[in-house]
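Open the model in your viewer and get your selection tool ready. We will go from helix to helix, one stop at a time.

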Amino acid sequence: MADVNRGNRPLSPHLQVYRPQLTSISSILTRITGNALLLGALLVVWWFLAAATSEAYFDTANAVLTSWFGDLVMLGSVWAIWYHTLAGVRHLIWDEAKMLQMDQAEMLGWAVIIGSVVLTLFTIIVV
């Protein structure tokens, strides 16, 4: 039987109604950082291949990686690797069926965000 009200109903969950939670945003961010790490790794591989090819080609690749853009990409990669690692630890905790209550899951989300920023700053200062 045809549903006569099908065209009048909003999509669910609709973006005007749905309020994103920290857990959903951090899940999406985990996927984004995983893909971003691949792009950062490709830049490093390009730099190594250029070093193995010729001095002129290495100078070009090195100029890109040591420019403000390269510094920004590498800084983002350091943050992404810390975020992605901590989010993976959070998922390992959830795989053990621990800290699944909403308040605990939100606390873990904030721990991942704050921890990744702190560890990134620590990495920059120490290294």
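Here is a short tour of a predicted model, with a suggestion of what to select at each stop.

**Stop 1: helix α3.** Select residues 68–95, which form α3. The expected span for its 28 residues, at 1.5 Å a residue, is 40 Å, and the end C-alpha atoms are indeed 40 Å apart. Now color the buried residues of α3: Gly 70, Val 73, Ser 77, Ala 80, Tyr 83, Ala 87, Arg 90 and Trp 94. What do they pack against? Their partners are α1, α2 (55–65) and α4. Before leaving, click on Ala 97, just after α3, where phi is positive at about 60°.

**Stop 2: α3 with α4.** Add residues 102–126, helix α4, to your view. The axes of α3 and α4 lie 8 Å apart, at an angle of about 145°, and the crossing is right-handed. Show side chains at the contact: on the α3 side you will find, among them, Trp 79, Trp 82, Leu 86 and Ile 93, while the α4 side includes Leu 108, Val 112, Gly 115 and Thr 120. Sorted by type, the residues of this contact come to 16 nonpolar, 5 polar and 1 charged.

**Stop 3: Thr 30.** Move to helix α1 (residues 22–53) and select Thr 30. Is Thr 30 buried or exposed? Its relative accessibility is 13%, so Thr 30 counts as buried, the cut-off being under 20%. Beyond its neighbours within four places in sequence, Thr 30 touches Tyr 83, His 84, Ala 87 and Arg 90. Tyr 83, Ala 87 and Arg 90 are also among the buried residues of α3.

Conventions: Residues are numbered from 1 along each chain as its sequence is written. This is a predicted model: local features need pLDDT of at least 70, side-chain atom pairs count only at pLDDT 80 or more; totals for chains, interfaces and linings use all residues. Side-chain values use heavy atoms; hydrogens and water are left out. Axes are lines fitted to C-alpha atoms, for helices over the stretch in contact, and angles run from 0 to 180 degrees between N-to-C directions. Helices (H or I, at least four residues) and strands (E, at least two) are DSSP runs, numbered from the N terminus. A crossing is left-handed if the near helix is turned anticlockwise from the far one by less than a right angle, and right-handed if clockwise. Contact means heavy atoms within 4.5 Å. Ala, Val, Leu, Ile, Met, Phe, Trp, Tyr, Cys and Pro count as nonpolar, Asp, Glu, Lys and Arg as charged, and the others, Gly among them, as polar. Buried means under 20% relative accessible area, exposed over 50%, partly exposed in between (1.4 Å probe, protein chains only). The expected span of a helix is 1.5 Å times one less than its number of residues.
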